[in-house]
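Subject: Structure handover

Hello,

The structure is below, with notes on what turned up in it. Please look through them before you set anything up.

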Amino acid sequence: MSASENRILIQPMSAESFASFGDLLDDSGQPDKIINQGLCGRYHDRAQMEFFEGRAGLSLFNAEPRALPMPLAMMERHPEGSQAFIPMSEHGFLVIVAPDEGGKPGLPLAFETQPGQAVNFHRGTWHGVLTPLQAPGLFAVVDRIGAGDNLQEYWFETPFVVARP
């Protein structure tokens, strides 16, 4: 594989381009309901959270920002439950996903979210690690809490390079 074939260019995040990997969580469109004495729009049930033999847990992750271009040597997936990354700052972040090809990740795709957007990876979706591009890297993460191993990692023989176009 040549250096140019091993390069992944970041594209803007959209619900349509991300749909086969998970849910883009944002407040686009009209709220489903107006609550709190008319002062709050509720965007209802935006993620398809799925957990096998476990429960949903909410954790806080504090990740160090990454610099671009960035090597991508490993991807992971969670076969027992979905996982949502919800930034606790007004910054976008990098989201890397790949289709499953026979139990390993296929060609990765990279997206950059906009401020105010979060993602939920469907159960079993290959994805990169939590990747803020600037500080603070504080995220709420909703994922499966339960017995058993819910993490599979795949290390590429030759790392990819993730970069802006």
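Leu-138 counts as partly exposed because its relative accessibility is 30%, a value that lies between the limits of 20% for buried and 50% for exposed. Leu-138 belongs to strand 13, which covers residues 138–145. On the surface, Leu-138 joins Leu-58, Leu-60 and Met-88 in a nonpolar patch, and together the four have about 400 Å² of accessible area. Note that this is a predicted model.

The count of cavities of 30 Å³ or more comes to one, and the volume of the largest cavity is about 30 Å³. Its lining consists of Pro-87, Ser-89, His-91, Gly-92, Pro-132, Gln-134, Pro-136 and Phe-139. By class, four of these residues are nonpolar, four are polar and none is charged.

Some backbone points for your checks. Most peptide bonds are trans, and most residues other than glycine have a negative phi. Pro-136, one of the lining residues, is joined to Ala-135 by a cis peptide bond with omega about 0°. Pro-136 sits in the loop between strand 12 (131–132) and strand 13. The bond from Leu-68 to Pro-69 is also cis, with omega near -5°; Pro-69 is in the loop between strand 5 (55–62) and strand 6 (70–77).

Asn-36, not a glycine, has a positive phi of about 55°. This residue is in the loop between strand 3 (33–35) and strand 4 (40–42) and is partly exposed, at 44% relative accessibility. Asp-45 likewise has a positive phi, of about 50°. Asp-45 lies in the loop between strand 4 and strand 5 and is exposed, with a relative accessible area of 64%.

Regards

Methods
Residues numbered from 1 in each chain as written. Predicted model: local features only at pLDDT ≥ 70, side-chain atom pairs only at ≥ 80, totals over all residues. Heavy atoms only, no water. 1 Å grid on protein atoms, 1.4 Å probe; cavity = no way out; pocket = protein on both sides within 12 Å on 5 of 7 lines; lining within 4 Å. Points joined across faces, edges and corners; volume = space filled by probe spheres on them. Nonpolar A, V, L, I, M, F, W, Y, C, P; charged D, E, K, R; others polar. Patch = residues over 30% accessible without salt bridge, like charges linked within 9 Å, V, L, I, M, F, W, Y side chains within 5 Å. Areas by Shrake-Rupley, 256 points an atom, 1.4 Å probe, with all protein chains shown as cover. Salt bridge = Lys/Arg side-chain N within 4 Å of Asp/Glu carboxyl O. Helix = DSSP H or I, 4+ residues; strand = E, 2+ residues; numbered from the N terminus. Buried < 20%, exposed > 50% of the residue type's maximum accessible area, 1.4 Å probe, protein only.
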